[in-house]
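Let's take a walk through a protein structure together. Keep the picture beside you and look for each part as we come to it.

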Amino acid sequence: MLKQTEGSHAVAEAVALCRPEVICAYPISPQTHIVEALGEIVKSGALAPCEFINVESEFAAMSVAIGASAAGARTYTATASQGLLFMAEALFNASGLGLPIVMTVANRAIGAPINIWNDHNDSMSQRDCGWIQLFAETNQEALDLHIQAFRLAEELSLPVMVCMDGFILTHAYERVDVPSQSQVDGYLPKFDPRQVLDPREPVSIGAMVGPEAFTEVRYLAHAKQMQVLELIPGWAAEFRRAFGRDAGGLVHPYAIEDAETVVVALGSVLGTVKDTVDEMRARGARIGVLGVTCFRPWPHAAVRSMLGGAKRVVVLEKSLAVGLGGIVSTNVRTSLSDEAHQRGTPVHTVIAGLGGRAITKASLERAFAAAMRDELDPTTFLDLDAPLVERVLLREREVRRSGPIAENVLKLRR
Amino acid sequence: MAFQPIKYYQTGTFTVGNRLLPPETRSVQADLRRTNSLNSGHRACQGCGEALGARYAIDAAMRATSNQLVAANATGCLEVFSTPYPETSWQIPWIHSLFGNAAAVATGIAAALKAKGREEVRVIAQGGDGGTTDIGFGCLSGMFERNDDVLYICYDNEAYMNTGVQRSSATPPAARTATTMAVGKEPGNLFGQGKNLPLIAMAHGIPYVATATVAELHDLEAKVKRAMEFRGARYLHILVPCPLGWGHASDATIRMARLAKETGLFPVFEAENGEVTQVSRIRRRVPVEDYLKPQRRFAHLFSPAVRKDLIARIQDGADRNIAKYGLMGGPA
């Protein structure tokens with residue numbers, strides 16, 4: 001059914017259609033609207049049986065999810081930013097135990113300085129925690145990815161994060177097609193857990209494992225994630241047959257066939273990137289886009305083949321590995337073919353949109369055009385106020401007690 | 001067996017002969033059909049109070065629930081000694097997730113069972129004092145205030161024994177641990193610190209809170225059984241001496257637990273809905289020295305000089321407990 005609704009509500013409806021049995025909720029912007037909507041659905045009795053639990057922290061949210069999932073319930077929660085970091089220990093635990101929890105991450109910056117707006121540093125910081133990470137480009141895709149996420153999680157007994165840009169998607173009202181209950185029931189089989197805490201068949205879950213078998217357990221986690229790469233394309237095709245639209249998959253190429261320059265990006269910024277590329281192509285530029293939907297596991301082969309013909313790659317990313325540069329671009333570099341390495345194909349890192357800074361077509365076009373002239377730095381901070389940074393650095397050199405960093409940046413703005 | 005009035009008799013340890021009790025009040029452990037939920041063969045130290053307490057508590061819970069029980073375990077000695085890969089001592093469905101989240105994991109299990117219409121299956125969370133009073137306190141308090149249908153059992157040996165005897169917020173004053181060394185003007189753990197978890201649990205207004213020791217195992221079993229008669233959040237705090245951490249002989253575990261109670265240092269009581277409903281009276285009051293002396297963690301109170309000042313402060317704490325809970329005096 002088509003409806004005009006907020007991204008968060010679209011996700012809440014999709015999750016409810018998946019018939020979760022336990023939902024745990026702790027408020028953190030910008031994911032609050034999702035669990036609020038789910039709380040109302042559960043309290044109204046429309047989604048039963050389902051337990052909605054208001055927990056005392058994100059660490060507890062993930063821990064309750066671990067217990068519920070281990071007891072065989074389809075389990076969902078949502079978080080963002082600091083909340084994701086606060087549950088970091090439990091994230092590794094959930095994946096290590098192989099529990100198929102589905103969680104929305106409404107992507108938001110990590111402090112300090114505290115900042116509630118969108119970037120990807122929260123989920124990127126947990127990229128190695130053993131969860132599958134899917135990034136939604138639109139609200140429709142966010143809705144659809146949640147339905148796929150439960151199937152993916154439960155098939156392999158692995159947890160899945162569906163990442164959607166905070167505010168940009170979660171709070172945007174758009175038209176979405178909400179599937180019917182029978183459509184979702186037809187696509188998503190009943191949860192049949194691989195392990196369950198049940199007095200009828202007692203098992204010990206979470207035993208201590210020493211050096212004699214730890215490597216094997218970790219290898220299995222890796223091998224299972226790699227299976228995801230084989231399963232996702234088929235399931236995306238099946239999704240298209242069942243729901244009549246494209247969603248999910250590993251990567252999404254756009255105007256890439258003849259492209260000498262390929263821009264790689266994740267999430268909602270892909271819309272702006274495609275618009276920019278359209279305009280540049282209209283003026284004859286051979287530039288295309290590769291959207292990455294599945295970030296973990298990293299779709300190595302798909303990225304490699306998509307970038308095979310590129311003369312240069314520009315990775316536009318809303319995350320920063322302090323002391324290294326890009327996170328996505330570091331992953332992209334591992335996927336360049338031997339020929340591309342020999343050709344010396346440059347992979348530029350463009351850090352953009354940190355803490356919610358708007359990514360404009362004008363700025364993107366400047367960066368892409370510079371790349372095409374081979375004038376783009378290996379690592380660029382899009383729209384960085386370089387003179388301001390220089391003033392702050394100068395002050396720090398001159399004044400020992402230079403004071404709080406964020407205050408200096410605000411004070412020295414002109 | 002025909003009814004037979006109980007003939008209490010002194011054994012020197014104040015125990016009541018199990019065989020003289022009616023069958024329904026005999027120890028679960030005296031029953032051949034006990035479940036051995038924490039089975040033999042685990043790696044606990046000789047004289048481990050926690051292993052003893054857990055065996056009695058979980059078997060009693062199994063009997064009380066007709067074996068419909070799931071347990072969530074915090075990281076710690078109990079978890080480590082019971083489940084070294086590829087072995088497990090647990091005969092019940094059991095999960096270990098993290099150090100600080102046993103109460104929340106149990107909440108999740110209880111929620112799943114409720115959603116599945118299997119509320120006859122009951123849930124226990126368990127951990128040591130570190131996992132309960134320190135790192136797991138947030139999750140525990142959350143479980144309490146939501147009144148989730150979980151019995152949380154704290155096996156309190158008064159320090160982080162698994163990591164090598166470091167101070168927790170359950171470590172008593174003057175006790176030497178690896179992080180409260182017996183040096184300086186006030187050797188050992190400082191006075192005036194620490195948390196009283198049973199009282200904090202009661203302040204949440206949960207249906208049932210009780211304390212027990214491994215010296216009175218009948219009492220411990222009865223409290224587990226009582227706890228299982230309630231729905232909602234329940235808390236059982238069991239004092240479990242640790243020969244390694246306390247520095248007493250491994251055959252003195254029961255005696256140490258008994259002395260902790262008989263000095264008044266560890267009040268044994270029950271509370272319902274935030275009000276104390278029953279206290280175990282002290283049978284033969286003993287000075288705290290009798291409890292402190294056999295433990296190396298208190299050796300600095302007796303040598304090279306007897307620290308009468310510090311012993312008096314510990315005695316003062318015991319006296320306050322005796323007055324507060326009415327641990328002396330006539331029958332309850």
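Before anything else, one term will help: two strands are said to pair if DSSP finds at least two bridges between them. With that in hand, you can read a statement such as this one: Ile351(A) stands opposite Phe381(A) in S16(A). Please also keep in mind that you are looking at a predicted model.

Let's begin with chain A as a whole. Chain A has 16 helices and 16 strands. Its radius of gyration is 22 Å, close to the 22 Å that the globule rule gives for 414 residues, so chain A is as compact as a globular protein of that length. Along the principal axes, the C-alpha atoms of chain A fill a box of roughly 65 × 55 × 55 Å. Of the 414 residues in chain A, 50% are buried. Now think about which parts of the chain meet: among contacts in chain A with a separation of 6 or more, 78% are between residues 24 or more positions apart.

Next, find strand S15 of chain A, residues 347-351. How many of its five residues are buried? The count is five of five, and the strand is mostly covered. In a regular strand, side chains alternate between the two faces of the sheet. You can follow the two directions here: Val347(A), Thr349(A) and Ile351(A) point one way from S15(A), while His348(A) and Val350(A) point the other way, and all are buried.

S15(A) also has partners. Strand S14 of chain A, residues 312-317, pairs with S15(A) in the parallel sense over five bridges, and Leu316(A) stands opposite Val350(A). Strand S16 of chain A, residues 379-381, pairs with S15(A) in the parallel sense too, over three bridges. This is where the Ile351(A) and Phe381(A) pair from our opening belongs. Together, S15(A), helix H14 of chain A (residues 361-372) and S16(A) make a left-handed β-α-β unit.

Now move to an open sheet of seven strands in chain A, whose order is S3-S2-S4-S5-S7-S6-S13, with mixed pairing. Which strands form its edges? They are S3 and strand S13 (294-296) of chain A, each of which pairs on one side only. Neighbouring strands of this sheet are turned by 20° against each other on average, direction ignored. Within the sheet, strand S6 (residues 132-135) and strand S7 (residues 160-165) of chain A run parallel and are joined by four bridges; there, Phe135(A) has Cys163(A) in S7(A) as its bridge partner. A helix from the other chain comes in here: helix H3 of chain B, residues 102-115, packs on the sheet and touches strand S2 (22-25) and S3 of chain A. The direction of this helix makes about 155° with that of S3(A).

That brings us to the meeting of the two chains. In all, 37 residues of chain A are in contact with 37 residues of chain B. On chain A's side, the elements that give two or more residues are strand S3 (51-54), helix H3 (58-70), helix H5 (88-97) and strand S9 (204-205). The largest share, nine residues, comes from H3(A). By class, this side of chain A has 24 nonpolar, eight polar and five charged residues. Strand pairing reaches across the chains as well: S9(A) and strand S2 of chain B, residues 94-96, pair in the parallel sense over two bridges, and Ser204(A) stands opposite Trp94(B).

Technical notes:
Residues are numbered from 1 along each chain as its sequence is written. Chains are lettered from A and ligands numbered from 1 in the order in which they are written. This is a predicted model: local features need pLDDT of at least 70, side-chain atom pairs count only at pLDDT 80 or more; totals for chains, interfaces and linings use all residues. Two residues are in contact if their C-beta atoms, placed from the backbone, lie within 7 Å. Ala, Val, Leu, Ile, Met, Phe, Trp, Tyr, Cys and Pro count as nonpolar, Asp, Glu, Lys and Arg as charged, and the others, Gly among them, as polar. The radius of gyration is taken over C-alpha atoms; the globule rule is 2.2 Å times the number of residues to the power 0.38. A residue is buried if 20 or more other C-beta atoms lie within 10 Å of its own, exposed if 12 or fewer, and partly exposed in between; C-beta atoms are placed from the backbone. A crossover is right-handed if, with the strands pointing away from the viewer, the path from the first strand over the helix to the second runs clockwise. Axes are lines fitted to C-alpha atoms, for helices over the stretch in contact, and angles run from 0 to 180 degrees between N-to-C directions.
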